[in-house]
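Reader: Could you take me through one spot in this structure in close detail? I'd love to start from a single residue and then follow its neighbours outwards.

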Amino acid sequence: MAVHSLGYVRLASPHVAQWRSFAADVLGLKAVDGPEADAAHFRIDQHPPRLVVRPAAEPALEAVGL
């Protein structure tokens, strides 16, 4: 089965504030409110957030949906 599109990416990072700036200013994503108040949620279309970055002591890739 071939991958046709990216569904979502969930990251953990000690640098959520920098992700907010990078995702909006460089990637062109729109910051939106989400169910996790301390996490950063970003949308690119009408679907739920495609990128979620939550605070954590160490950076990690938590989930990828294809």
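**Around Ser13**

Author: Leaving out neighbours within four places in sequence, Ser13 is in contact with Trp19, Val53, Arg54, Pro55, Ala56, Glu58 and Pro59 (contact means heavy atoms within 4.5 Å). Before we go on, please keep in mind that this is a predicted model, in which local features need pLDDT of at least 70 and side-chain atom pairs count only at pLDDT 80 or more, while totals for chains, interfaces and linings use all residues. Residues are numbered from 1 along each chain as its sequence is written, and side-chain values use heavy atoms, with hydrogens and water left out.

Ser13 itself sits in strand E1; helices (H or I, at least four residues) and strands (E, at least two) are DSSP runs numbered from the N terminus. Ser13 counts as buried because its relative accessibility is 5%, where buried means under 20% relative accessible area, exposed over 50% and partly exposed in between (1.4 Å probe, protein chains only).

Now to the strands. E1 pairs with strand E4 (residues 51-55) in the parallel sense, over five bridges; two strands pair if DSSP finds at least two bridges between them. Within this pairing, Ala12 has Arg54 in E4 as its bridge partner. E4 also runs antiparallel to E3, joined to that strand by three bridges. Phe42 stands opposite Leu51 of E4.

Arg54, one of the contacts of Ser13, leads us to the charged pairs. Arg54 forms a salt bridge with Glu62, the closest N and O atoms being 2.6 Å apart; the term asks for a side-chain nitrogen of Lys or Arg within 4 Å of a carboxyl oxygen of Asp or Glu. Both partners are partly exposed, Arg54 at 29% relative accessibility and Glu62 at 34%. In the whole structure, a search finds three salt bridges. Another one is between Asp45 and Arg50, with closest N and O atoms 2.7 Å apart, and Asp45 is partly exposed at 26% relative accessibility. Back on E1, Arg10 and Glu36 meet through their side chains in a salt bridge of 3.0 Å, N to O. That pair links distant parts of the chain, 26 residues apart, with Arg10 in strand E1 (residues 8-13) and Glu36 in the loop between strand E2 (30-32) and strand E3 (40-43). Glu36 is partly exposed at 24% relative accessibility, and Arg10 is also partly exposed at 24%.

Trp19, another contact of Ser13, opens a second route. The count of aromatic pairs comes to one. In it, the ring centres of Trp19 and Phe22 are 5.7 Å apart and the planes stand at 85°, so the pair is edge-to-face (rings of Phe, Tyr and Trp, its six-membered ring, pair if their centres lie within 6.5 Å; planes under 30 degrees apart are stacked, over 60 edge-to-face and the rest tilted). Both residues belong to helix H1 (residues 16-26), three residues apart, about one turn of the helix. Trp19 is partly exposed at 25% relative accessible area, and Phe22 is partly exposed at 35%.
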